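Please explain how the ligand is held in this protein, and where else in the fold there is empty space. A walk through the structure, from its open and closed spaces to the ligand, would help a reader who is new to such models.

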Amino acid sequence: MTRPALAIIGNGMATARLLDELASRGGLGTFTITVFGEEPHGAYNRILLNRVLMGGGVEEITLKPTSWYAEKGVRFVPGVAVTRLSHAAQRLWTSDGKEHFFDTAVFATGSTARVPQVEGLKRPDGTLKRGAFVYRTASDVQHMRTHARPGMRAAVVGGGLLGLEAAKGLADLGLSVTVVHLFDVLMNRQVDRVGGQFLRRAIEKLGITVRTSVSTKAVLGEKRVEGLDFGGETLPAEMVVFSSGIKPRVELAYESDVPVNAGILVNDQLQTQLKKIYAVGECAEHDRIVYGTVQPIYEQCKVLADVLTGTNPDAAYRGSKVYTKLKVAGVEVASMGRIEADQTDDEAVQIIEEHRGVYRKLVIRDNRLVGAVLVGDSSAAAGLVQLFDDGSPLPANRLDVLASGEAIPGSGGNDPEVCNCHHVRTSTLLGEIRNGCDTIPKLSARTQAGTGCGSCRGQLANLILKNAPAVAGSRKG
Ligand SMILES: Cc1cc2nc3c(=O)[nH]c(=O)nc-3n(C[C@H](O)[C@H](O)[C@H](O)COP(=O)(O)OP(=O)(O)OC[C@H]3O[C@@H](n4cnc5c(N)ncnc54)[C@H](O)[C@@H]3O)c2cc1C
């Protein structure tokens, strides 16, 4: 009997995860799967792109080498974009001129970097002027690295999570970096005004200049970038990186008559409004939300794998609570949920430690944690994420939650989650460490911890250090 054909459009982080979820349900044998990827690589961990900026190869951040697909019987078509899809004809067409049949299709086309309408940014053919970059793909960062020279002046437009990471990367390469942000608070979606002041100081301590409340009007330079114009005032720069948000890639869906809004509209089963056509990841819009981080995407992939394989007929995606962490060495920032107490009975608890440069804030509603901002010390983050997720009642003394850096007994908090991307708890990690996983790669291979955003790797190292059984003949400190 021929197996139904499943076409997956896009080969990013959502697809990598979906394939794993399908595999764990025996789904790779149920379908004849074809993955179409516009980028020339096997799926890679986009979150770790900074490593490529620092000179690493894409293979260092690869999630699935091309051999993986062949081994698993998945047909992988790299370096080829899907250009047209017909639901009625159950066919799609690719940039190499080929036609492919499918029974079921999944859009996993992700996002593209949003490029603002700035005068002088593009050449007449629509490509970015020499010296101008976005920060989204392996190819983007490889080009950034080729262009960058120590001592060069670089501007990063956008002081959000990715802009700050790009700025730190360029500063580490020896460039003189200025972050230019439209709003008055860096990471204004994750950090409140007071937290923003602490964050700014921490970023400036890295030698990065910060300009806030500045709007970029034009990129200067005839053939190559020579600076930015803020409407009268100019900033000289030989390189500019635009990190001004993302835009879901919905063009193919739109042109294929799959209903879209900001993203491709999906229901709780991740199905679009067309039968047997699904969407997952940053291109999908569920309940009016398009997510831009991996943990919600991983939750979507679980549901989609259940639906596609029929493993769980009740599978439904109900939305995700979002948690973000900045991955800039020396600047700890974690944020979840609401950053302001904006309803009458909301409660805000703030701790300011000027000297240590630490700011911590909880936002509480109906005795439950609905948001938190941590700047300068994010050690309480793992416990707080759990309280935020569980919605467990908080203790009368709110400071207990922050001061201990651990969640509260009774809320499952005596076993805090360490890896929030893969929901791996301390007890699981300790079990594996005691069974001989005495390095991060071994622990990651067993539990997946540390393979998402990587921000828990310090905690993993710490757990190993404290709990790995001493090797005969070695000294345990
Ligand atoms: C520098 C950087 C740092 C980040 N840091 C974090 C972090 O710390 N934590 C976090 O949670 N998230 C982070 N993110 C976001 C995270 O990487 C994304 O949420 C995730 O990659 C989205 O996965 P996706 O598969 O939906 O999209 P993508 O990973 O973008 O993959 C989509 C793929 O589809 C391909 N494609 C698109 N259209 C077509 C087509 N028509 N035909 C064929 N292929 C197509 C694209 O080329 C791309 O390869 C970061 C992102 C960047 C860029």
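A pocket, as the word is used here, is an open set of grid points with protein on both sides within 12 Å along at least five of seven lines, whereas a cavity is a set of points where a 1.4 Å probe fits but cannot get out. With that in mind, and remembering that this is a predicted model, we can begin with the second largest pocket, which has a volume of about 490 Å³. This pocket is lined by 22 residues, and those closest to its centre are T62, L63, S444, G450 and T451. Two elements, α1 and α12 (440-447), each give two or more residues to that lining. Sorted by class, the lining of the second largest pocket has nine nonpolar, seven polar and six charged residues. The pocket lies between domain 1 (5-111 + 247-309) and domain 4 (424-467), because both of these domains give residues to its lining.

Turning from open space to closed space, a search of the whole structure finds one cavity of 30 Å³ or more. The largest cavity holds about 40 Å³ of space, and its lining is formed by Q295, K321, Y323, V385, D389, E417, N420 and H423. By class, this lining consists of two nonpolar, three polar and three charged residues.

The ligand comes next. It is surrounded by 33 residues, of which A14, E39, R136, E282 and K327 are the closest. In this shell, 15 residues are nonpolar, 10 are polar and eight are charged. Domain 1 (5-111 + 247-309) and domain 2 (132-244) each supply at least three residues to the shell around the ligand.

How do individual protein atoms lie with respect to the oxygen atoms of the ligand, and what distance separates R46 from one of them? In the side chain of R46, an N or O atom is 2.8 Å from an oxygen atom of the ligand. The backbone also takes part: a backbone N or O atom of A108 lies 3.5 Å from an oxygen atom of the ligand, and a backbone N or O atom of G292 likewise lies 3.5 Å from a ligand oxygen atom. Taken alone, the ligand exposes 1000 Å², and the protein buries 95% of that area. The elements that contribute two or more residues to the shell around the ligand are α1 (13-24), β2 (32-37), α5 (161-172) and α8 (294-309).

How values were computed:
Residues numbered from 1 in each chain as written. Predicted model: local features only at pLDDT ≥ 70, side-chain atom pairs only at ≥ 80, totals over all residues. Heavy atoms only, no water. Near = heavy atom within 4 Å. Polar contact = N/O pair within 3.5 Å; in protein donor to acceptor, adjacent residues only side chain to side chain. Areas by Shrake-Rupley, 256 points an atom, 1.4 Å probe, with all protein chains shown as cover. Helix = DSSP H or I, 4+ residues; strand = E, 2+ residues; numbered from the N terminus. Nonpolar A, V, L, I, M, F, W, Y, C, P; charged D, E, K, R; others polar. Domains from an automatic or database assignment. 1 Å grid on protein atoms, 1.4 Å probe; cavity = no way out; pocket = protein on both sides within 12 Å on 5 of 7 lines; lining within 4 Å. Points joined across faces, edges and corners; volume = space filled by probe spheres on them.
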